[in-house]
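This briefing sets out the secondary structure, helix packing and selected residue environments of one protein chain. Please read it alongside the sequence and the coordinates.

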Amino acid sequence: MDIRNIGDVFELHPLTIQDMVQGCARDKMDKFPDYTFIAYHSTDSCSSVGRDEGDGAIYIVMKQNYVLSFHTGKAKPVAGRVLQRLSALDAVALETGEVECCESEPLLKLAKYPPYIVYAILDETTHQLPPKLMEIERRVDEIDRLVLLLSHEGHEKMLQRMGEQRRDILQTWQAVQAKPAVIMALAEQTEAAGSQYLPAVAREVTQFFGDIHSSLVAAIETCARAEAVLSRSHSNYLAKISLEMSKATYESNMTTERWTLLGVTVVPINIVTSLLGINLKVPGQDRDDTLNFFVLLACMLIYASVMLAFWRWRQLA
């Protein structure tokens, strides 16, 4: 049956039908005169550019005596798990023979209490979150541990891992950040309505909603902590790259200086020896001994020693 036809049968507001048909972009709770409408997206996946049906959304209409739920995408298996939970709760009531139990045993009335059914749906959806948070923490800790041990060849992959992990954290935060307000509003509404109808059961369900709220707040804190650790790792990564670049620049400058020293030393000597080898009259050409050779060799050695001493002095200065 089409959602519009269902809305006509149960007299749902046109805005509610519009949200379910077109898709609601955020988690929210709307109060109408005779029912409450909740839009709650799956925490299993969330796109940074928006949500669609494949991401999984649950739309709940809670009236005084019944609950309507519409599941899309990855949220569809939630309905089966909720029915199993409610069936197990009914089985407990039947085994104890207390289906029409007294007020002192509120837990046995939960399966037929609409706020508890809503809680069961939202709780099954939120149960998808802890494994993802644990995986985020594991990957962030691994990045934080490896960032200072990484070799030069792994820099590009590490930067890619950081980017992917930050995107994952942002998507998780987007999936969770609006949910605590919805859960808190449901808890307050349940507590207020329970003062007139099944107060003991309402108190129990309010505590259940509080448990979901605590889990969601902890998830937001986990995302914030993971982002802080990743920011620190990113800073350490950039500092490590800066140190490596400084080291490479220093080594390059040292190599350039060595080649400069060699050139300054060898080129003048090469020019002098070239002049002595030309086919022209040069001083000492008429001598028969080797004195000129050793004098010239000594001058070359003295010049090379002076240049080397000057270079060492510059290194120490």
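Contact here means heavy atoms within 4.5 Å. By that criterion, and leaving aside neighbours within four places in sequence, Ala 219 is in contact with Leu 129, Leu 133 and Val 176. The structure is a predicted model. The protein chain comprises 9 helices and 4 strands, and buried residues make up 37% of its 317 residues.

**Overall organisation**

- From the N terminus on, the elements of the protein chain follow the order α-α-β-β-β-β-α-α-α-α-α-α-α.
- Of the contacts in the protein chain with a separation of 6 or more, 67% are accounted for by residues 24 or more positions apart.
- The model contains 0 disulfides. In general terms, a disulfide is a covalent bond between the sulfur atoms of two cysteines.
- Two cysteines can be described by their accessibility: Cys 24 counts as buried at 10% relative accessibility, and Cys 223 is buried with a relative accessible area of 4%.

**Helix H2 and the preceding loop**

- Helix H2 spans residues 14-22, and its buried residues are Thr 16, Ile 17, Asp 19 and Met 20. Seen down the axis of H2, these buried residues fall within an arc of 160 degrees, so they line one face of the helix.
- On the other side of H2, Pro 14 and Gln 22 are exposed.
- The buried residues of H2 pack against one helix, H1 (3-9), and against the strands E1 (28-31), E2 (36-41), E3 (57-62) and E4 (67-72).
- Just after H2, Gly 23 adopts a positive phi of about 90 degrees.
- Glu 11 is found in the loop between H1 and H2. Although Glu 11 is not a glycine, its phi is positive, at about 55 degrees. Most residues other than glycine have a negative phi.
- Glu 11 has a relative accessibility of 60% and counts as exposed, because the cut-off for that class is over 50%.

**Packing of H4 and H5 on H8**

- Two packed helices are described by the angle between their axes and the distance between the axes.
- Helix H5 (residues 129-146) packs with helix H8 (residues 199-276) at an angle of about 15 degrees, the axes being 10 Å apart. H5 is therefore roughly parallel to H8.
- H5 passes H8 in a left-handed crossing.
- On the H5 side, the residues that meet H8 include Leu 129, Leu 133, Ile 136 and Val 140. Their partners in H8 include Leu 216, Ala 219, Cys 223 and Ala 226.
- Charged side chains also take part in the H5–H8 contacts, among them Glu 137 and Asp 144 in H5 and Arg 225 and Arg 232 in H8.
- Helix H4 (residues 114-126) packs with H8 at an angle of about 20 degrees, with the axes 10 Å apart. H4 is therefore roughly parallel to H8.
- The crossing of H4 and H8 is left-handed.
- Residues of H4 that meet H8 include Pro 115, Tyr 116, Tyr 119 and Leu 122. On the H8 side, the residues involved are Val 205, Phe 208, Phe 209, Ile 212 and Leu 216.
- Leu 216 of H8 appears in the contacts with H5 and in those with H4.

**Selected positions along H8**

- Which class of accessibility does Thr 206 fall into? Thr 206 lies in helix H8 and counts as buried at 17% relative accessibility, because the cut-off for that class is under 20%.
- Leaving aside neighbours within four places in sequence, Thr 206 is in contact with Ala 187, Thr 190 and Glu 191.
- Ala 219 also lies in helix H8, and its relative accessible area of 1% makes it buried.
- Ala 219 and Thr 172 are 47 residues apart in sequence, with a C-alpha to C-alpha distance of 8.7 Å.
- Val 264 is found in helix H8 and counts as partly exposed, at 35% relative accessibility.
- Which residues does Val 264 contact, leaving aside its neighbours within four places in sequence? Its contacts are Tyr 303 and Met 307.
- Val 264 and Met 307 are 43 residues apart in sequence and 8.0 Å apart in space, C-alpha to C-alpha.

How values were computed
Residues are numbered from 1 along each chain as its sequence is written. This is a predicted model: local features need pLDDT of at least 70, side-chain atom pairs count only at pLDDT 80 or more; totals for chains, interfaces and linings use all residues. Side-chain values use heavy atoms; hydrogens and water are left out. Buried means under 20% relative accessible area, exposed over 50%, partly exposed in between (1.4 Å probe, protein chains only). Helices (H or I, at least four residues) and strands (E, at least two) are DSSP runs, numbered from the N terminus. The arc is that of the directions from the helix axis to the C-beta atoms. A disulfide is a pair of cysteine sulfur atoms within 2.5 Å. Axes are lines fitted to C-alpha atoms, for helices over the stretch in contact, and angles run from 0 to 180 degrees between N-to-C directions. Angles under 35 degrees count as roughly parallel, over 145 as roughly antiparallel, 65 to 115 as roughly perpendicular and the rest as oblique. A crossing is left-handed if the near helix is turned anticlockwise from the far one by less than a right angle, and right-handed if clockwise.
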